[in-house]
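Good morning, colleagues. Please take a moment to look over the sequence and the structure before I begin.

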Amino acid sequence: MKERIEKLGAQFNEALSGITDTEALENLRLQFMSKKGYISELMKELGKVPNEQKKEVGQTINTFKQEITELFEKKKDELIRLQEEILIQGAESYDESLPTEDPTGSYHPITLVQRELEDIFESMGFDIEDYTEVVTDFECFEAVNIPPFHPARDMQDTYYLSTANQLLKSHTSAAQNAILRKYGDALKKDGRPIRAVFPGRCFRNEAVDASHDNTFFQMEGMMVDKDISISNLIYFMKTMLSEVFGREVTVRLRPGFFPFVEPGFELDIKCLNCGGTGCPSCGNSGWLELCPCGMIHPNVLKLGGINTDEDPFEYTGFAFGLGLTRLAMMKYGVKDIRTFNDGDLSALSQFTSR
Ligand code: DAH
């Protein structure tokens, strides 16, 4: 019996070394391992072996089976790798007909602006957060103080999914509740202020034209701590926007209504082109409307688990919503918002790929 196994082993090795494709390998496996294969035959013969030798012979057969299984697996991996290499070598690795002059590709202008802002906020101690595009009605509206049938919903008509009250978020404020909940414990237990920005793609059911699109990007920010006031908001916005534009900017606040802030503001910066005297790019007003913001409404802080009814002003904070798409238009002089989404590489690949 032992001799027979040795012979079979030699036969297996010889056959294996000559195999160059997976089909032949599978045939060899069947020859040895299938129901009618050599191993099964050996097992049948084991019945005829005298009782006192059965254990030893049985073990030898098992070891043999294990050995050829391992050799088989190893060969199989080798063959697959070889086939892949052949495929890769023969394949065209990129589509040469794409109309771009830079074969390494380039970043989308919104990505460039987003990354630049993220760097600035990170240097000011902010956490950068990501959030989903599909959200619930609660997250997008109710959690930010916009109850059902509130007229503010009219300006944010969006795309609704047929399941579980879900929709495509119409503003990045939809992440406020989740961020408050995520960092609330650290604020209350360790006194770590909440400082977070969350960029994201937003959607609205818009009549599309050169300055409105149904898909656009915003970057929302929030800061919450004890004793945060409007002075903190103004100082912070001025510092942050001076960084963004690379020079000192002058800001002013006008009243603005957003249900999730009280008081709410429209923040303008003095026109960087004319210094405030009036020119075509600021509509001759001397100011550019840049970023809505305000002090976070007590209801939003309560729904986010930050304050309780007993002390609705224990913690206070401010929030702002930067229009990333608008900033990219201003920064790169893009006149038509549709350029960002229409996939025309000859336009989009012109921006520097830092
Ligand atoms: N979510 C608002 C919008 O898309 C923008 C906004 C306004 C965000 C005021 C804020 C804010 O955080 O304080 O129209």
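**A buried threonine, and the sheet beyond**

I begin with T158, which counts as buried because its relative accessibility is 5%, below the 20% limit used here for that class. Please keep in mind throughout that this is a predicted model.

Where does T158 sit in the chain? The residue is located in the loop that runs between α6 (137–140) and β3 (166–168). If we set aside residues up to four places away in sequence, T158 touches L167, L168, S170, F203, R204 and N205. One of these neighbours, F203, also offers its backbone oxygen, which the T158 side chain reaches at 3.3 Å.

Let me now step back to the overall layout. The protein is divided into two parts, domain 1 (2–90) and domain 2 (109–348). Between the C-alpha centres of domain 1 and domain 2 there is a separation of 66 Å.

I turn next to the sheet. In what order do the strands of the open sheet run? There are seven of them, arranged as β1-β4-β5-β9-β8-β7-β6, and the pairing is mixed. At the edges stand β1 (127–128) and β6 (251–255); each has a single partner strand, so one side of each is left without a neighbour in the sheet.

Strand β9, residues 316–323, deserves a closer look. Is β9 mostly covered or mostly open? It is mostly covered, with seven of its eight residues buried. On one hand, β9 pairs with strand β5 (residues 215–225) in the antiparallel sense, over eight bridges. Within that pairing, M219 stands opposite L322 of β9. On the other hand, β9 pairs with strand β8 (residues 287–296), again in the antiparallel sense, over three bridges. Here G294 faces A319 of β9, while M295 has F318 of β9 as its bridge partner.

Strand β5 also brings us to the question of internal space. How many cavities of 30 Å³ or more does the count give? The count comes to one, and the volume of the largest cavity is about 40 Å³. Its lining is formed by I110, D213, T215, F216, F217, T325, I337, F340 and N341. The largest share of that lining, three residues, is contributed by β5.

My last residue is K331, which belongs to helix α10 (residues 324–332). Why is K331 classed as partly exposed? The class follows because its relative accessible area is 44%, and partly exposed covers the range between the 20% and 50% limits. With residues up to four places away in sequence left out, K331 touches V113 and E116. The contact with E116 includes a polar one between the two side chains, at 2.7 Å. K331 also illustrates how the fold brings distant parts of the chain together: its C-alpha atom is separated by 9.5 Å from that of P109, although the two residues are 222 residues apart along the chain.

To close, I return to the two residues that framed this talk. T158 is buried at 5% relative accessibility, whereas K331 is partly exposed at 44%. The side chain of T158 reaches a backbone oxygen, that of F203, while the side chain of K331 makes its polar contact with the side chain of E116. Thank you for your attention.

Note on methods
Residues are numbered from 1 along each chain as its sequence is written. This is a predicted model: local features need pLDDT of at least 70, side-chain atom pairs count only at pLDDT 80 or more; totals for chains, interfaces and linings use all residues. Side-chain values use heavy atoms; hydrogens and water are left out. Helices (H or I, at least four residues) and strands (E, at least two) are DSSP runs, numbered from the N terminus. Buried means under 20% relative accessible area, exposed over 50%, partly exposed in between (1.4 Å probe, protein chains only). A polar contact is a pair of N or O atoms within 3.5 Å; within protein, one must be able to donate a hydrogen and the other to accept it, and residues adjacent in sequence count only if both atoms are side-chain atoms. Contact means heavy atoms within 4.5 Å. Domain bounds come from an automatic or database domain assignment. Two strands pair if DSSP finds at least two bridges between them. On a 1 Å grid over the protein atoms alone, a cavity is a set of points where a 1.4 Å probe fits but cannot get out, and a pocket is an open set with protein on both sides within 12 Å along at least five of seven lines; lining residues have an atom within 4 Å of a point. Grid points are joined across faces, edges and corners, and a volume is the space filled by probe spheres set on the points.
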